[in-house]
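Please find below a colleague's note, set out as numbered points, for someone who is meeting this structure for the first time. It is best read with the chain open on the screen.

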Amino acid sequence: MHALVRSVWNEPRPPNPPARGWRDWALVVVLMAVTVLEGVLRPDLHWRAVSVTITAGLVLTLLWRRNRPLLTVAIAFGVCALSPLVMNGDPLEMYTLVFLLLLSYALCRWGSGREVVIGLVIILVKVSDSMVSDHPGLPDVIGGWAVISVSIAAGGALRYRARARARELDKVKLLERVQLARDLHDTVAHHVSAMAIRAQAGLATSASHPDAATDALRVIEAEASRALAEMSTMVRVLRQNQPADREPGRRVTDLRELASRGRSGPAVDVEISGDVDDLPPSVEAAIYRLAQESITNARRHARHATRVEVRVTADDTSVRLRVTDDGDGGPAHPASRPGYGLIGMSERAGLLGGTCQAGPNPDRGWTVTAVLPRTGTAS
């Protein structure tokens, strides 16, 4: 129990709260207008001018509810608790004060552990004091606590959901890094094996053919340079100590195996142009995986698609992949709401110094575009 309390108390704030935007200002303007309207139209409102002034001032706390959740709760609920001192003992009874539920929600959604605990104590004290002093009936007590509990629970639930999604995203990125590290491991092993073979050949022929030893050293130097470059990339991306996958890596030319004629889905057409013979294995594997994932997304989410075009173009500096479908877009397509697949694709491209983007075409369909440097390393 002590460990649980300590973990809650020491929990940090959730990262990246939304910045204050036009919607927040619009909400404040609307609530202020509603406050003034209520003050004008309610015949039973006591201390009309004071009530409207205090409520309108508290509405401004909504602008800081995400980056200062405890402060806004303390100010809003504290002022409400102290307002009877300037209203001859009458409580603040503006209906517009329902916006305080947004502050309790923001407290549980964006506050740190200790801020949430302190803020909930403030809310509990204020609500309990109001229920004792106002003598409401049992239905009002139950309803009031239910409404407050719903706002608090909603903030906590979305906080947990965001944290769970962040863990899933980290897991996807980690798995992508591990897979890329395995591909790079095979590349380095290939270069080292080539160096060992050339060194053995040079030693065997050094006595009778001295020039052969020199040629072997040149080959070893070239292979060593490539191996060092691949090892540098592997060390940069490796995050988990797992054995390497010994299966051969995919190549760009293997994309032709993904071509189909639409027997059970849209036809897949693959076209490869440019020099793709001497690409690093990590780049070839990445291009294959990106194209494979893009085709899978198109088959699953592109409604009424009849054709998927895969185009790979290589030049002296980069390799470009473009996957386009002619299906209907809409909210069901993964590019409209990036999922774990697209995030993994962007992560893999980024680790190799490239980019991967997805978006709708001007007329219909979606396009995934990836550009990787030919060397397979970030500049």
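1. In the protein chain, residues 24 or more positions apart account for 75% of the contacts that have a separation of 6 or more. The model is a predicted one, and this share should be read with that in mind.

2. On the composition of the fold, the protein chain holds ten helices and five strands. Of its 379 residues, 39% are buried, while the accessible surface comes to about 21500 Å², with 60% of that area belonging to carbon and sulfur atoms.

3. The five strands form an open sheet with mixed pairing, in the order β1-β2-β3-β5-β4. Because β1 (267–273) and β4 (355–360) stand at the edges and have a single partner strand each, one side of each is left without a neighbour in the sheet. From one strand to the next, the twist averages 10°. Helix α9, residues 281–301, lies across β1, β2, β3 (318–325) and β5 (366–373), and it runs at about 10° to β3.

4. The pairing of β1 with β2 (residues 307–314) deserves a separate look, since the salt bridges described next belong to these strands. The two strands pair in the parallel sense over seven bridges, and within this pairing Asp269 stands opposite Glu309 in β2.

5. Which residues are linked in a network of salt bridges? Asp269, Glu271, Arg307, Glu309 and Arg311 are the members of that network. The side chains of Arg307 and Asp269 meet at 3.6 Å, N to O; Arg307 lies in strand β2 and Asp269 in strand β1, so this pair ties together parts that are 38 residues apart in sequence. Arg311 also forms a salt bridge with Asp269, the closest N and O atoms being 3.0 Å apart, and because Arg311 lies in β2 and Asp269 in β1, the parts tied together here are 42 residues apart in sequence. Asp269 is counted as buried because its relative accessible area of 17% falls under the 20% limit, whereas Arg307, at 35%, is partly exposed.

6. The count of salt bridges comes to 15, and another of them joins Arg66 to Asp24, with the closest N and O atoms 3.1 Å apart. This pair links distant parts of the chain, since Arg66 is in the loop between α3 and α4, Asp24 is in helix α2, and the two are 42 residues apart. Both Arg66 and Asp24 are buried.

7. Arg65 lies in the loop between α3 (48–59) and α4 (69–82), and the side chain of Arg65 makes a polar contact with the side chain of Asp24 at 3.0 Å. Is Arg65 buried or exposed? With a relative accessible area of 11%, Arg65 is buried. Leaving aside residues up to four places away in sequence, Arg65 touches Asp24, Thr72, Leu102, Leu103 and Ala106.

8. Two backbone angles are worth checking by eye, as each is a positive phi in a residue other than glycine. Trp47, in the loop between α2 (22–41) and α3, has a phi of about 50°, and at 38% relative accessibility Trp47 counts as partly exposed. Asn88, in the loop between α4 and α5 (100–110), has a phi near 55°; Asn88 counts as exposed because its relative accessibility of 66% is over the 50% limit.

Methods:
Residues numbered from 1 in each chain as written. Predicted model: local features only at pLDDT ≥ 70, side-chain atom pairs only at ≥ 80, totals over all residues. Heavy atoms only, no water. Helix = DSSP H or I, 4+ residues; strand = E, 2+ residues; numbered from the N terminus. Buried < 20%, exposed > 50% of the residue type's maximum accessible area, 1.4 Å probe, protein only. Contact = heavy atoms within 4.5 Å. Areas by Shrake-Rupley, 256 points an atom, 1.4 Å probe, with all protein chains shown as cover. Polar contact = N/O pair within 3.5 Å; in protein donor to acceptor, adjacent residues only side chain to side chain. Pairing = 2+ DSSP bridges. Axes fitted to C-alpha atoms, helices over the stretch in contact; angles between N-to-C directions. Salt bridge = Lys/Arg side-chain N within 4 Å of Asp/Glu carboxyl O.
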